[in-house]
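The exercises below ask you to work through one part of a structure step by step. Keep the sequence and the 3D view open while you read each solution.

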Amino acid sequence: MKRRRFLSAAVKTASAAVCSQTFPPALNSFLLRQGAAPKISPDNSVRPQLALTLDDPTLSLGSVLKWQEANARILKAIAAKDVRAALFVCGMRVDDADGAKLLTAWDQAGHLICNHSYSHKFYGERTSYADFAFDFLKNEKVIAPYHNRIFLFRYPFLKEGDTADKRDRFRALLKERGYRVGHVTIDTSDWYVSQRFVDRLSKQPNAPVAPYRDYLIAHLLDRAAFYRQLALDVLGRDIRHTLLMHFNPLNALVLPEVLSALENAGWQWIDASLAFEDPVFRSQPQIVPAGESLVWALAKETGRFNDRLRYADEDGDYEKPKMDALGL
Ligand SMILES: [Zn+2]
């Protein structure tokens, strides 16, 4: 416990040094509006920081491994980096006694327990504000018992509303309930790579995990570098990043290697609570449809980066041809 506190203080000092090298946000946006900002490239003397955020813990992982084993492996991998992650809980996947055991293990390890709605609805055309709001509130009872429960909400599929009215009404509800958005800054398709791995195992039970692990790591490094550069170009500074990953079979098997690969690429793992303190997480991009990675949305809002933005920002469709070509 003491060691953790010390490390956390050290990280805070280090990140204060990072922040002091940047312009205040207001000045920054002024410079960017004027088109006077110099081209900014990563400051490689300072390690960029990121926190692990993990979505959709579930008791159903198919036949690959049991939830108890997946849970233990994932928690052990994170503990080995001595950081606290943020767990975004979708109630319908863990709403029984076993689900409570799963969540208790995270809570006792000091990770943040956050709201990801009860039923994982896509807040688009076919979901009304009233239904979405009801589903968000319904999830509160699932996460209420935990000590490290925190008022962070992550939109399912990162979809924040298909009209300005729905977007703003839900944002107002979050504010009224004391919530902030648990934004993703580095969006990924880890879920798709895991799904391909599980599909392969169903046809070939002894298929090796290594090629899927390597694909996943290359994908995550690529996406992390992409969103880091985009954040630098949009905001003029390195922000603290939040990496999106999921509670799934592939991650349960290879998370230690994944976490080390990002570290070896120069990233520094930090506590999720520290990452979410970055003022960037208070921004509310005024785009429609609303959502995606926060960095993507801020870039979209400027109208200046459309050549680099695709919609949705991440999707299995982008990975499919590459994985097909590799025979994965
Ligand atoms: Zn989700």
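**Exercise 1: The two sides of a helix**

Task: in this predicted model, find which residues of α4 are buried, and then work out how they are placed around the axis.

Solution. Begin with the residues under 20% relative accessible area, which in α4 are Gly-99, Leu-102, Leu-103, Trp-106 and Asp-107. These residues lie on the same side of α4, because they cover an arc of only 140° around the axis. The general background is that an α-helix has 3.6 residues a turn, so residues three or four places apart point the same way. Turning next to the face away from the buried side of α4, one meets the exposed residues Ala-97, Lys-101 and Gln-108. Finally, the cover over the buried residues of α4 includes the helices α3 (67–79) and α6 (140–143), together with the strands β1 (49–55), β2 (86–89), β3 (112–115) and β4 (149–153).

**Exercise 2: Length and ends**

Task: establish how far α4 reaches from its first C-alpha to its last, and describe what is found at its N-terminal end and after it.

Solution. Helix α4 runs over residues 97–108, and its 12 residues reach 16 Å, close to the 16 Å expected at 1.5 Å a residue. At the N-terminal end, Asp-96 caps α4, with a side-chain oxygen 3.1 Å from the backbone nitrogen of Asp-98. Following α4 comes Gly-110, whose phi is positive, near 90°.

**Exercise 3: The whole chain**

Task: state how many helices and strands the chain has, and what percentage of its residues count as buried.

Solution. The chain contains 13 helices and 7 strands, and of its 328 residues, 52% count as buried.

Methods:
Residues numbered from 1 in each chain as written. Predicted model: local features only at pLDDT ≥ 70, side-chain atom pairs only at ≥ 80, totals over all residues. Heavy atoms only, no water. Helix = DSSP H or I, 4+ residues; strand = E, 2+ residues; numbered from the N terminus. Expected span 1.5 Å × (residues − 1). Buried < 20%, exposed > 50% of the residue type's maximum accessible area, 1.4 Å probe, protein only. Arc of directions from axis to C-beta. Contact = heavy atoms within 4.5 Å. Polar contact = N/O pair within 3.5 Å; in protein donor to acceptor, adjacent residues only side chain to side chain.
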